[in-house]
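Q: Please take a close look at one part of this model: the helix that carries a nonpolar surface patch and charged pairs. Describe which residues take part and how exposed they are.

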Amino acid sequence: MIINRIGVEFEYEGVTYIIGASIVGTTESEYEGLYGSITEIRDGEDKETENETPDIYCSFEAPVLPCEVKELEKRFSDLYQEPKAIDDITLDLVIMAPEMICQLEDLKECRHHPMVYVLAEDWAVDGEHDNSSDIYADYNDAKRLLVQKLGEEMDNGCIPNWNYREGFIADSTPDSYECYLDGEYCENHYSISIVAQKLCASERFVRELSEIHKATCQLEDFVSQVSDWDEIEKLTDAQYERMIHDPRFPERLQNALGKNDYYWESYWETVSEVAHEFVNRYIKESKDMKSKTEEVHQ
């Protein structure tokens with residue numbers, strides 16, 4: 001079997017590979033870290049290799065960072081026991097085994113774009129300079145830190161040494177503060193600001209956050225169950241604290257739920273019940289809209 005039409009899917013050991021999908025080479029391959037795409041998949045009698053796995057043909061992009069070019073050349077030179085330059089390395093129609101590649105999500109699709117807030121700080125004192133930035137998912141967290149950092153700087157930082165001088169200039173907005181000595185900005189300045197930006201969040205990132213939230217909720221449920229049990233008195237405070245934060249509990253609970261047929265039967269019955277409710281609601285809305293349209297045309 002030969003598959004080479006863009007968008008066609010091929011499943012192997014629970015993983016769906018898509019022709020045209022973006023990929024990156026894994027540690028199992030000499031092409032580790034290189035980005036590319038799947039161009040063709042061959043299986044059965046159409047394979048060129050004798051591997052038990054399907055042949056996945058990939059085209060890789062040449063690295064652009066000099067350090068990565070050097071690393072790739074060294075890797076292939078060691079592999080072939082002779083010097084290899086980047087132009088000597090095959091990047092197109094490379095046959096890969098499934099474990100040698102990791103599929104990447106489309107950068108333009110399947111993305112969420114929540115707002116994040118970058119707290120950026122930049123300063124220079126007598127020519128010495130530095131900067132820092134921290135990212136917060138909540139605006140109030142960023143603003144609270146801005147107020148704290150600026151307060152510390154006004155009390156014990158460079159600002160008290162400047163604000164009595166004639167050339168001291170300061171400006172502020174609700175989300176920023178900047179000051180400097182006129183004519184000496186490069187040598188003496190301080191600024192702190194909040195910049196709102198959209199975060200390109202992949203489905204994997206959203207799933208990981210969801211898992212973190214779910215594990216937190218499950219630990220809270222665990223605490224609510226055991227907090228009043230008489231057996232808890234047998235534990236020291238330290239043991240109790242360690243127990244109620246044990247990350248193994250959510251995993252153990254998930255494993256138990258996965259084997260609980262009654263739980264899943266109840267879950268899918270409820271999904272079906274609510275689904276029917278929604279379908280009926282939309283059917284009714286469609287009928288009502290159709291009736292109103294017919295009345296208008298009569």
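A: The model is predicted, and the part in question is helix α4, which covers residues 203-226. A convenient place to begin is Glu211. This residue has a relative accessibility of 44% and counts as partly exposed, because the partly exposed class runs between 20% and 50% relative accessible area.

The side chain of Glu211 meets that of Lys214 in a salt bridge, with 3.4 Å from N to O. Lys214 is partly exposed as well, at a relative accessible area of 30%. Both residues belong to helix α4, and because they are 3 residues apart, about one helical turn separates them. In general, side chains of opposite charge can pair when their charged atoms come close.

A second pair in the helix is made by Glu208 and Arg204, whose closest N and O atoms are 2.9 Å apart in a salt bridge. Here the spacing along helix α4 is 4 residues, again about one turn. Glu208 is partly exposed at 40% relative accessibility. Its partner Arg204 is partly exposed too, with a relative accessible area of 45%.

The nonpolar side of the description concerns Val206, which is placed in helix α4. Val206 has 31% relative accessibility and is therefore classed as partly exposed. The cut-off for patch members is over 30% relative accessible area, so a residue at that value can be included. Together with Leu199, Phe205, Leu209 and Ile212, Val206 makes a nonpolar surface patch of about 380 Å².

For context outside the helix, the whole structure holds 13 salt bridges. One of them joins the side chains of Arg165 and Glu184, at 3.8 Å from N to O. That pair links distant parts of the chain, 19 residues apart: Arg165 sits in the loop between α3 (159-162) and β12 (168-173), and Glu184 in the loop between β13 (176-181) and β14 (189-198). Arg165 has a relative accessible area of 37% and is partly exposed. Glu184, at 29%, is also partly exposed. Elsewhere, salt bridges link Glu40, Arg42 and Glu48 in a network.

To return to the helix, α4 contains the Glu208 and Arg204 pair and the Lys214 and Glu211 pair, and Val206 of the nonpolar patch lies in this helix too.

Terms used
Residues are numbered from 1 along each chain as its sequence is written. This is a predicted model: local features need pLDDT of at least 70, side-chain atom pairs count only at pLDDT 80 or more; totals for chains, interfaces and linings use all residues. Side-chain values use heavy atoms; hydrogens and water are left out. Patches are made of residues with over 30% relative accessible area and no salt bridge: like charges are joined within 9 Å, nonpolar side chains (Val, Leu, Ile, Met, Phe, Trp, Tyr) within 5 Å. Accessible areas come from the Shrake-Rupley method with a 1.4 Å probe; for residues, only the protein chains shown count as cover. A salt bridge is a side-chain nitrogen of Lys or Arg within 4 Å of a carboxyl oxygen of Asp or Glu. Helices (H or I, at least four residues) and strands (E, at least two) are DSSP runs, numbered from the N terminus. Buried means under 20% relative accessible area, exposed over 50%, partly exposed in between (1.4 Å probe, protein chains only).
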